[in-house]
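Here are a few short exercises to work through with the model open in your viewer. Try each task before reading its solution.

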Amino acid sequence: MTAYYSDSDRFIVSVDCVIFGLNHSRLSLLLARRRFEPEMGRWSLMGGFVRADESVDDAAKRVLLELTGLSDVYMRQVGTFGAVNRDPGARVISVAYCALINFDEHDRQRVERHDAQWIELDHLPELGFDHSDMVSKALTFIKQRFAIEPIAFSLMPKCFTLTQLQQLYEAVTGENLDKRNFRKRVSENPCIEKTDLIDKTTSRRGAAMYRYNPLLDNGVFHI
């Protein structure tokens, strides 16, 4: 291989995955305590180094697959973190990704093997490195997208109540939404279908259940 850049510095490139899921209707983040130095024992996001034969996108997908067993999920790059001293082990530039997964579909045994845990967003511990900044940037990203893209359904079960959907939007946006207005906006989206199913876990009367139908998505989703 011709050494075109032999006079340039070399850096390690990594990926970190900010993985969101709904655990018992609570928006949660998948974290693990580091089992090695640097920052051993501290909570952190799941990540890994980019291999020589893969792109950063492929590296993030590999990390997600190894941890959750899932491959076809909503995942987007949310930023690059390259402060000189961000990693005490070496000069590492990390590309952060936001992933939204269906909690019911992930491989719990894989998560356990990695000593990872789902921790509610309202009770996050102090994170190592600059991972808190990554989480903050990922939250800002999905908050902006939630209003204009149907990405919320990546987190929801196949069938859900409108109360569950509203609770998710409130958890992401940090706002209390008016029930009547929220349901009116939902009704304006043809891709959200009412089913014949009734959820009776929250009341004797029960609540109608809905589902997202991507085939009816007209490309102008808005809530």
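A polar contact is a pair of N or O atoms within 3.5 Å; within protein, one must be able to donate a hydrogen and the other to accept it. Keep in mind that the model is predicted, with a chain average pLDDT of 93.

**Exercise 1.** Find which backbone oxygen the side chain of Thr173 reaches.

*Solution.* Start by locating Thr173 in helix 4, which spans residues 162–173. Next, look from its side chain to the backbone oxygen of Tyr169, where the distance is 2.7 Å. That value is within the 3.5 Å limit for a polar contact.

**Exercise 2.** Decide whether Asn23 is buried or exposed, and list what it touches beyond its sequence neighbours.

*Solution.* First place Asn23 in strand 1, residues 12–23. Its relative accessible area is 17%. Buried means under 20%, so Asn23 is buried. Leaving out residues up to four places away in sequence, Asn23 touches Ser28, Phe103 and Trp118.

**Exercise 3.** Work out which helix gives the most to the largest nonpolar core.

*Solution.* Begin with the core itself, which has 42 residues; Leu165, Leu168 and Tyr169 are among those with the most contacts inside it. Then see which elements supply at least two residues each: they include strand 1, strand 6, helix 3 and helix 4. Helix 3 gives the most, with 6 residues. For a closer look at one member, Leu165 touches Phe153, Met156 and Phe182, among others. Finally, set apart a second, separate core of 21 residues, which includes Cys17 and Val95.

Notes: Residues numbered from 1 in each chain as written. Predicted model: local features only at pLDDT ≥ 70, side-chain atom pairs only at ≥ 80, totals over all residues. Heavy atoms only, no water. Helix = DSSP H or I, 4+ residues; strand = E, 2+ residues; numbered from the N terminus. Buried < 20%, exposed > 50% of the residue type's maximum accessible area, 1.4 Å probe, protein only. Contact = heavy atoms within 4.5 Å. pLDDT = per-residue confidence, 0-100. Core = buried A, V, L, I, M, F, W, Y, C linked by side-chain atoms within 4.5 Å.
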